[in-house]
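User: Please take a close look at the metal site in this model and at the part of the protein around it. A connected account would be best.

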Amino acid sequence: LLTARVADVQLAPANYPKTQIWGYDGQMPGTLIRVQQGDRIQRRFINELPQASTVHWHGLRIDNTMDGVAGLTQDAVPPGETFDYEFTAHDAGTFWYHAHTRSMEQVARGLYGALIVDEAEPADTDRDEILILDDWRLDPETAQLDSDFNAPHDRSHSGRLGNFVATNGSLETNLPVKPNERLRLRLINASNAKIFQLALSGFEGWIMAYDGMPLDVPEKVEGPFLLASGQRVDLFVDVTAITGEVAHLVRIDGEEGISQAAFPVGSSESSASRRNTPTPLPPNPNMSVPEVDTARRFDLKMEGGAMGGLQTAMLDGKEMSFRELAAVNQFWSFNGVVGLTDTPLAQLSSGETARVSIQNDSVFPHAMHLHGMHFREVTEGGLGPMRDTLLMGGGESREIAFVADNPGKWLFHCHMLEHAAPGMTTSLSTRSILPVCSRSARIAVAPE
Ligand code: C2O
Ligand code: CU
């Protein structure tokens, strides 16, 4: 069972009142779902919220009917009702689940949790820690959530940014470590819109995986790295700080470095010696490299937001000026269209490779997330690592490629949830090729 309900949790320090949140099983973060690679995940979702809801399993390459997108892959589950989710966890790695109905409100209220799929052979680390990062927007007196989830300023600028930056729902995270210990840190950005800039102190670290997909060659952490909404990173970190010191996961906000999680180093008595450079995590199945030269090409032009050049765009089949759009709290367009329509950005056949060149004609960064399939960025140096969410700076153009090997209708949207709601949402459809044994049978079953 997985029950979404209202709960009071101590988010702010103890001298503050509890905060009313919406949480899975009433918890913040929601109940950890942890399975072995290849296992079936089965959860009856029970909606005890005052709103309809659905659960999306972010980054898992699963059956389309289980993807949890209200209005695209299923109907939203009304209050008091249930939905049975069931799928196989083919990929090992760090994933998460979250509400996908009125996400900008439901995720901000706390409807998310970690979903960890363990490799058959455990990695060579001493500890495994999940760190879910989120910035809450709380009233500094009452510690209650700001309940304006549709604020036009957030929707037209950088999204709903918070004033209370937590790890696993807590302002203070202290995880005692020993000298030379190797930890696996699984970082998940569950915020509505914040781009975390992170660094390590007192650790030597390597990025082992992005968005649940292992890297062929671990990347040594040399300086700050970014984690956009929806993204994950798996790090291996070796404690280099000595007994009595404190190692940190550091968040860089402006010029300031702030501890996002502290790791006080205890006595060295039982400590081991430093390990060697880590070997890569085992690859997941089906990490095939797309054939980019023969791929079908698509363009995605992103426009809108404050200080952007968007003149007009189509909303519900009507051409509207930016001013008219703003009046109905809509601000963004993909290829001149605001929000999800019946026409997908691309219609693909199963197994086909697609290349989407994305042009960000706005001044804001965006975190483009594709459901159901991972992509690789096409760069001059070749293809990048497999990811499910791509952070793009304001004014940037980038290109991604992927093999459309998972049939269904898949959402493709900005994971800054205040951008997705007022326009930055489209879909891709992949048609499965029906197994046919004769020519006449093919004609008989040919889909449109
Ligand atoms: Cu994590 Cu469409 O979302
Ligand atoms: Cu965006």
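Analyst: In this predicted model, H366 and H419 are both buried. The two histidines serve as donors to the copper ion (ligand 2), each through ND1, and C414 joins them through SG. These protein donors lie 2.0 to 2.1 Å from the copper ion. Along the chain the donor residues follow the spacing H-x47-C-x4-H. H366 belongs to strand β25 and H419 to helix α4 (residues 417-420), so that this pair, 53 residues apart, links distant parts of the chain.

Strand β25 (366-370) also takes part in the largest nonpolar core, as one of the elements that each supply at least two residues to that core. Others among them are β19 (296-304), β24 (352-360), β29 (397-404) and β30 (408-414). The core has 33 residues, and those with the most contacts inside it are L300, M302, V356, I358, F402 and F412.

F402 shows how such a residue is surrounded. Leaving aside residues up to four places away in sequence, F402 touches P290, L348, E352, T353, A354, V356, L370, M373, H374, F375 and L428. A second core, separate from this one, has 28 residues, including I207, Y210, V237 and L249.

Aromatic pairs occur as well, ten in the structure. One of them joins W96 and Y112 edge-to-face, with 6.3 Å centre to centre and 75° between the planes. Because W96 lies in strand β7 (residues 93-99) and Y112 in strand β8 (residues 112-118), the pair ties together parts 16 residues apart in sequence. W96 counts as buried because its relative accessibility is 0%, and Y112 counts as buried at 1%.

Technical notes:
Residues are numbered from 1 along each chain as its sequence is written. Chains are lettered from A and ligands numbered from 1 in the order in which they are written. This is a predicted model: local features need pLDDT of at least 70, side-chain atom pairs count only at pLDDT 80 or more; totals for chains, interfaces and linings use all residues. Side-chain values use heavy atoms; hydrogens and water are left out. A nonpolar core is a set of buried Ala, Val, Leu, Ile, Met, Phe, Trp, Tyr and Cys residues joined through side-chain atoms within 4.5 Å. Buried means under 20% relative accessible area, exposed over 50%, partly exposed in between (1.4 Å probe, protein chains only). Helices (H or I, at least four residues) and strands (E, at least two) are DSSP runs, numbered from the N terminus. Contact means heavy atoms within 4.5 Å. Donors are N, O and S atoms within 2.8 Å of the metal (3.2 Å for Na, K and Ca); water is not among the atoms, so sites may look incomplete. Rings of Phe, Tyr and Trp (its six-membered ring) pair if their centres lie within 6.5 Å; planes under 30 degrees apart count as stacked, over 60 as edge-to-face and the rest as tilted.
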